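Grab a viewer and a coffee, and let's work through some exercises. Each one sets a task and then walks through a solution.

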Amino acid sequence: LKLPTEYANILYKDKQTLLTGAYASPAGCLRSAEKSHHGLASTSCAHPHAEYEWNYNFFDPDNYLTMTSLVYMGDAQLLEEVRAIIETTFAQMKSSGMLPHHYREKGYNGEMIRRWVYKSIASSTQPGPNIFCTLTALMYAKHAGERGVEFLLTNAKKIRRSASYLLNFFDQKKGLLKTQGPLFIDVLIRSGYASDTNAIMPFFLREMAEFEIFVSHHSQKNETNRSVPPQAQKYLQMAETISRTLRQELWSDEGDHLITDLNNGKRRDFVDYDSNLMAVAFANLSREDSAKVLARVDSGKYSHVNGTSTFVCEIPYDGFRDCYIKGSQYCGDSVVSMGRVGWADAHCRKRLGRVQEFEDLIMNGLQSRLISHTWLRERFDQKGENIRSPMYFEYPAVASILLREIRYGIEVGLNRIKLDPLMHAHEIENGFHYHIGNVHVDFSPQYVRIQLPVLGMKILTVTHLKPTIKFRITVHRQRNVGGINQPQYRTVWTNNDGILDSVGLDLQLGDVIEMEEVPA
């Protein structure tokens, strides 16, 4: 790959991973080359047929990872593809707000079916499609500029209805969601007050709160009124309640992890690594509890084998009693490693600032395999061998996503911009230039330059700057809006930890944010 010189400070292997992880597999899952399949995506590239053949638009969380990796490329055509896939799925929302699990074109005998299905292939009812399709819609809106704002306002009712469907499962007395099936591993029997769904919900609810704030502020004529709307407050309070109750109700007697589920007074526990990692990443477990969870996960026999993401759980699910698809000694997806688990694992290391663990246990092995092979299979086994469906979306997409979200720490929200890289001290000191698609970030502890596809009021946070230093922030207007294109200036101080936090900026599309250290 020949890239412009402004990419120079990103490691070449990172460029390879970012682009190969998105373009070789996820982009190859798009089916719009056939007009009849516009707005559909499969789980693998066609070779000549895609895996899980004739089934499309899984959001449990398959398409969330596929679409996120494509959105992060900042490619205008790919953004339009992502939008079409979201809208195609949104169009099949039931009056209750339930979104389909996938689109099935043909039956197992080859007969044409062409219908949307609301249960998984394993016949489980999952909350995952509503959670992850909605998150994908918000992800697209954050990165698509004016098209993203228009999409968000046009689809606001559907986004709210999707969230409302999920909240129907919230038990006010218990303070947790009571679900009918697993979050994102369809064959595993999980129900009741399950740790997997409740672990991801605080993240989902915070995203929904940001959505409500953005829509409210965008529609207000009085731009000085920036209060948090009641629905956003409700979402934030519910996120806090679930985070607190998750620890109170589902913490194991062993004291180092959450159990699988609580159902009719019965506690089941397979030491699920996926839900525990999500709880550390998204549900505000204390640092002490988080350290205990990671110690338990890292001590597992099949954790990070050959630098691949960890198994789904420590105790295999019984293939007859605990599995929707019966017939084997163990439920197959409980004895393999999945990219989605690695995604949650990486966010744990980011939250706790464990850069060496992120590199050694997750990123380096995955990155090496992707660069060596370009396409990867669906899962890894107990020996660290890549197995099952070839040319699958998941591991390549996750590799690309983790570089953007974790290593370079570039977070674009509806109301916020955060730059928080997870790197070693010498890497921070050297800085980096990140220029991928419509996302441009130049970073060092003394100087930062940011240009993103965003508009409206944003709260800026930047970490790893020099502590207690005055910075001059300049917003360079690239477009003449209302006859005004003069730069905006302000000065702010970093705190004792080198963090510049909660700086409000009113941005137009194309604006460049420049931060320079002010000499003493």
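Before we start, a cut-off for the cysteine exercise: a residue counts as buried when its relative accessible area is under 20%, as exposed when that area is over 50%, and as partly exposed in between. Also keep in mind that this is a predicted model.

**Exercise 1: the cysteines**

Task: find which cysteines are joined in a disulfide, and work out the handedness from the torsion about the S-S bond.

Solution.
- Step 1: Scan the whole structure, and one disulfide turns up.
- Step 2: Its partners are Cys-323 and Cys-331, with the sulfurs 2.2 Å apart. A pair of cysteine sulfurs has to lie within 2.5 Å to count.
- Step 3: Take the torsion about that S-S bond, which is about 55°, so the disulfide is right-handed.
- Step 4: Check the surroundings of the pair: Cys-323 and Cys-331 are both buried.
- Step 5: Now try Cys-45, which is in no disulfide, its nearest cysteine sulfur being that of Cys-29 at 5.1 Å. Cys-45 has a relative accessible area of 7%, so it goes down as buried.
- Step 6: Cys-348 is in no disulfide either, with the sulfur of Cys-313 as its nearest cysteine sulfur, 16 Å away. Relative accessibility is 0% for Cys-348, so this residue is buried.

**Exercise 2: a six-stranded sheet**

Task: work out which strands stand at the edges of the open sheet of six strands, and why one side of each is left without a neighbour.

Solution.
- Step 1: Write down the strand order, β13-β14-β15-β20-β17-β18, with antiparallel pairing.
- Step 2: Read off the edges: β13 (432–436) and β18 (488–493) each have a single partner strand, so one side of each lacks a neighbour in the sheet.
- Step 3: Add the twist, which averages 10° from one strand to the next.
- Step 4: Recall what holds such pairs: strands of a sheet pair through backbone hydrogen bonds, either parallel or antiparallel.
- Step 5: Zoom in on β17 (residues 470–476), which runs antiparallel to β18 and is joined to it by six bridges. To fix the register, note that Val-475 sits opposite Gln-488 in β18.

**Exercise 3: backbone oddities**

Task: locate the cis peptide bonds before Pro-48 and Pro-61, then place the positive phi values of Thr-374 and Thr-468.

Solution.
- Step 1: From His-47 to Pro-48 the bond is cis, with omega about -5°. Pro-48 falls in the loop between α1 and β1.
- Step 2: From Asp-60 to Pro-61 the bond is also cis, omega being near 10°. Pro-61 belongs to the loop between β1 and α2 (62–71).
- Step 3: Thr-374 isn't a glycine, yet its phi is near 70°. You'll find Thr-374 in the loop between α12 (355–373) and β9 (379–380), and at 25% relative accessibility it is partly exposed.
- Step 4: Thr-468 has a phi of about 45°, again positive without being a glycine. Look for Thr-468 in the loop between β16 (456–462) and β17; its relative accessible area of 40% makes it partly exposed.

**Exercise 4: a nonpolar patch**

Task: which residues make the nonpolar surface patch of about 330 Å², and where does Tyr-52 lie?

Solution.
- Step 1: The patch is made by Tyr-52, Tyr-108 and Ile-121.
- Step 2: Tyr-52 lies in the loop between α1 (12–23) and β1 (55–56).
- Step 3: With 35% relative accessibility, Tyr-52 counts as partly exposed.

Definitions and conventions. Residues numbered from 1 in each chain as written. Predicted model: local features only at pLDDT ≥ 70, side-chain atom pairs only at ≥ 80, totals over all residues. Heavy atoms only, no water. Patch = residues over 30% accessible without salt bridge, like charges linked within 9 Å, V, L, I, M, F, W, Y side chains within 5 Å. Areas by Shrake-Rupley, 256 points an atom, 1.4 Å probe, with all protein chains shown as cover. Salt bridge = Lys/Arg side-chain N within 4 Å of Asp/Glu carboxyl O. Helix = DSSP H or I, 4+ residues; strand = E, 2+ residues; numbered from the N terminus. Buried < 20%, exposed > 50% of the residue type's maximum accessible area, 1.4 Å probe, protein only. Pairing = 2+ DSSP bridges. Axes fitted to C-alpha atoms, helices over the stretch in contact; angles between N-to-C directions.
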